[in-house]
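Colleague: Got a minute? I'd like to go through the labels on this one and hear what stands behind each of them.

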Amino acid sequence: MALAAPGGGAAGPCTLPMLPVLLLFLPGLAAGPAGMLQPRDTPSRERRELGGLWSFRADLSPGRDAGFAQRWYRRPLRQTGPVIDMPVPASFNDITQDPSLENYIGWVWYEKEVLLPLRWLQGEPAARVVLRFGSAHYYSIVWVNGVQVVEHEGGHLPFEADISSVVQGSPGSLCRITVALNNTLTPHTLPPGSIQYMADKSRYPKNYFVQNTKFDFFNYAGIHRPVVLYTTPAAYIDDITVTTTSSDSLATVQYQVSVVGSTANSLSLSLRDQEGKVVATGDGPVGELKVLNPNLWWPYLMHENPGYLYSLEVRMQAQLDGALLEDVYTLPVGIRTVHVTSSQFLINGRPFYFHGVNKHEDADIRGKGLDWPLIVKDFNLLRWLGANSFRTSHYPYAEEIMDLCDAYGIAVIDESPGVGIKLPESFGNRSLQHHLAVMEELVRRDKNRPSVLMWSVANEPASELPPAAHYFKTVIAHTKALDPSRPVTFVTDANYALDHGAPYVDVICVNSYFSWYHDPGHLEVIPLQLTAQFENWYKTYQKPIIQSEYGADSVPGLHSDPPMMFSEEYQQAMLREYHSVLDKKRKEYVVGELIWNFADFMTNQGTTRVLGNKKGIFTRQRQPKAAAFVLRDRYWRIANESSCLPPAITSHSLFL
C-alpha cells in the first residue's frame, strides 16, 4: 500500500501516515450525551433504520486527504468522482473484486440521502431528531447536509448526534448523511496497531507501508451495525440505570432516571411481568421497586425458564415553552445477582459454571457486518451445543446480539477492544485515557443487561511489562467505579509469577494452548502442564479461574489416526485431554471453560493461516466438525450434573 509521507518528506518505520494526523486537527463535537438509550419504538418515539445501499468511495489520493481538501461532504458524493454501491451494515473489504480495497488503509466515504417525515420537522416544539450509528470501524466523522455533527473514535460501540437544528433548519425534508471513516490503527488506538513503511526501494514501491497488528483476526472496516434515525420529544428521558437484589420471595429493583430538556412535572415507573401484569410501581427519578415472589433471570440450562425479563416502563411529563410533553421508554429488566468468592462464581446464590465458547463477529462476504440470519443460526447452534455462555472476544458485540443473550439466558463476559496491547508505548497515559473512555462507553451501553455477568478490560496484553501494573490497576478500578455490581477481569496468557495486572482482577481468566503453540504435537504433556497452570495461579491468588481459551486448528475433512496436528482427530484429542484436567479442577476452583473458537474466522494472510484461523468447532459456514460433537456431549453432561431441571428439559435430544 503506497501513501505519501506526512508533509511530503521521507517516512521511517512506524511513522504514521497523514490520515490520523488529520484526526487531531479536525474540529468535532462530542460523541454523544451522558446517556444513550438503545433506540426503541414507543408511543412517544419513532425509529427508522437506514440499512441498504449507500454510495461509497475510497480516497485513493496519494495522501488519502483529497476528500477533506476538496470538501466532499459539501455536495453529493457522486459529484466528487466515481462511487459504487456499498451495503450497510457490512465490512467493505470483501464486497468487491478489487484486492486493493480488501486491504485498504485510510479514509473511505459513505453517503445516504433520505427523506424525513414532515411530522418530524413540524410542531411547537418540534421533535428531537437523532442520528445513531451502532458502530463504524474505526474513526468516524459525520456530516448532515454538509454540517459536521459528530466524530467518534472506536470501532465497536455506538455514537449519535442530535441533528434537529440541522434538518429542521434546512429547506425541504431531504437529509444527506456523509460519513468519512478511517481504519488506521496506531499504538494508542484500541485495539492498537502501527504503520510500518518499507524503506528498501529495491524491494518496495516508494512510500510503501503496511498496517501491523498484534491480534489474530482480520481488521475488517466499514459501517458494521445499523444506522438509525430516531425521534424523542424536545424534553426526554436521557438515561436509565437499574440494579437488582433478590431473595426467593422478594426482589428490589433500584433505579435512577435522568431527564434532559426540562424539569419533569411527573416521572412514573411501572414494572410488568411477561404477561403484562404490573408487579411494582414507583415515582420520581431515584427509587426502588419491590417485587414479591420474583421470577429471577437464570442462564440457559440452569432453570426451566431461562432469560426471564420484566418490562420497566418509564413515563415522563414535562412543560416546555407552554406545551405539555410526554416521553415513554421501556427497558427490559432481568432480576439477578452476581457474587464471586475465592472459589465460586454465584448467580442468584447458586454456583455457576461457564461452559461456553469464544466467538467473533465474522462471516463470508459481510465480514463483521450485522446479519440477522447468521445471528439466529449462531444462537441455535449455541443451544444445540449446550453452551450457556460466551465471551465477546475481542470487542463489544452488537446490541442486537446482546438483546438475544438477555432473552435466551446466554451469559456474557463483555470484553472491551483491548486486544493486542503489546508495545510499551501502548501502556502510556494517552492510551490509558482512551481505554478509560472506552470502558465508560461500554458500561453505559450494557450496564442494564442481566446477561452481562462480568467485564473484561483486555485480552492477552503484555501484562508482564512493569507499566501494566499501574495501567490495569487504573482501568479495573475505573470500571468498578462505573459499575460496582459486576466483577472485572482481563484475559491473560502471561506467566502467573510475572503478571502485573492479575492482582487487581476478581476472576483469573487464562489462555493456554498446550500441545499446539507449546510442544506442538505432544498431547501427552497436557495433563502435567495444565494441572500446574491451575495450581500455580490458584496458589498465588486464591481466586476462581476460568480457562478462557484453549483449542487446536483443524481443517474440515482432514483425518489422521493416530491424531496429527490440523486433523479433526487431533482437535478432538486435545479437547479430551483438557477436559480430563478440567473435570478434576472444576470440583475445586475452576469455574468455567470457553473453547477457542466457536467457528473458523478470517485473519491476515500468513504462513500459518490457510484462509483464516481454523480453530472453530464449526466451519465459517457453521457446519460442525467432529470436535463439536465432543463438546456437545460434554456440555450437556455438565448441565445434567448441575441442573435441577426436569429430564425432558435436560435431554439434548430436544435439539437434534
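What follows is a chat about how those labels are earned.

Modeller: Sure. Keep in mind that this is a predicted model.

Colleague: How is the chain divided up into domains?

Modeller: There are domain 1 (46-183 + 219-232), domain 2 (236-333) and domain 3 (338-638). The C-alpha centres of domain 2 and domain 3 are 32 Å apart. Their contact draws on 17 residues from domain 2 and 22 residues from domain 3.

Colleague: Which residues touch the most other members in the largest nonpolar core?

Modeller: That core has 100 residues, and the ones touching the most other members are Trp109, Phe379, Phe390, Val457, Phe472 and Ile545. Domain 1 and domain 3 both contribute residues, so the core lies between them. There's also a second, separate core of 48 residues, with Ala251, Tyr308, Val333 and Leu453 among them.

Colleague: Why is glutamine 211 called buried?

Modeller: The cut-off is under 20% relative accessible area. Glutamine 211 comes in at 15%, so it counts as buried. It sits in strand β12 (residues 209-212).

Colleague: And what does the side chain of glutamine 211 reach at 2.9 Å?

Modeller: The backbone nitrogen of leucine 185. A polar atom of the glutamine 211 side chain also lies 3.1 Å from the backbone oxygen of serine 194. A polar contact needs N or O atoms within 3.5 Å, and 2.9 Å and 3.1 Å fit that distance limit. Leaving aside residues up to four places away in sequence, glutamine 211 touches Ile105, Asn183, Thr184, Leu185, Gly193, Ser194 and Ile195.

Colleague: What about asparagine 145: why is it called partly exposed?

Modeller: Buried stops under 20% and exposed starts over 50%, with partly exposed in between. At 23% relative accessibility, asparagine 145 therefore counts as partly exposed. You'll find asparagine 145 in the loop between β7 and β8. Its phi is near 50°, a positive value in a residue other than glycine.

Colleague: And why does isoleucine 365 count as exposed?

Modeller: Its relative accessibility is 56%, and the bar is over 50%, so exposed is the right word. Isoleucine 365 is in the loop between β25 and α5, and its phi, near 65°, is positive in a residue other than glycine.

Colleague: How do you know that β7 and β10 pair?

Modeller: Pairing takes at least two bridges. Strand β7 (residues 139-144) and strand β10 (residues 174-182) have six bridges in the antiparallel sense, so by that definition they pair. For instance, valine 144 has isoleucine 177 in β10 as its bridge partner.

Colleague: What makes β3 and β8 edge strands?

Modeller: Each of them pairs on one side only. They belong to an open sheet of six strands ordered β3-β2-β4-β10-β7-β8, with antiparallel pairing. From one strand to the next, the twist averages 30°.

Colleague: Which strands make up the closed barrel?

Modeller: Eight strands, running β25-β26-β27-β28-β29-β30-β31-β32, with parallel pairing. There the twist averages 25° from one strand to the next.

Colleague: How do you know that β25 and β31 both pair with β32?

Modeller: Same threshold of at least two bridges. Strand β25 (residues 354-358) has four parallel bridges to β32, and strand β31 (residues 545-549) has three, also parallel. Glycine 592 in β32 stands opposite phenylalanine 354, and glycine 592 is the bridge partner of isoleucine 546 as well. On to β30 (residues 508-511): four bridges join it to β31 in parallel, with valine 510 opposite glutamine 547.

Colleague: What makes β32 mostly covered?

Modeller: Six of the six residues in strand β32 (residues 590-595) are buried.

Colleague: Where does helix α8 lie?

Modeller: Helix α8 (residues 467-482) lies across β28 (452-459) and β29 (488-492), at about 155° to β28.

Colleague: Last one: which peptide bond has omega near 15°?

Modeller: The one from histidine 137 to tyrosine 138, and it is cis. Tyrosine 138 is in the loop between β6 (136-137) and β7. Another cis bond joins serine 393 and histidine 394, with omega about -10°. Histidine 394 belongs to the loop between β26 (389-391) and α6 (399-408).

Key. Residues numbered from 1 in each chain as written. Predicted model: local features only at pLDDT ≥ 70, side-chain atom pairs only at ≥ 80, totals over all residues. Heavy atoms only, no water. Core = buried A, V, L, I, M, F, W, Y, C linked by side-chain atoms within 4.5 Å. Buried < 20%, exposed > 50% of the residue type's maximum accessible area, 1.4 Å probe, protein only. Domains from an automatic or database assignment. Helix = DSSP H or I, 4+ residues; strand = E, 2+ residues; numbered from the N terminus. Axes fitted to C-alpha atoms, helices over the stretch in contact; angles between N-to-C directions. Polar contact = N/O pair within 3.5 Å; in protein donor to acceptor, adjacent residues only side chain to side chain. Contact = heavy atoms within 4.5 Å.
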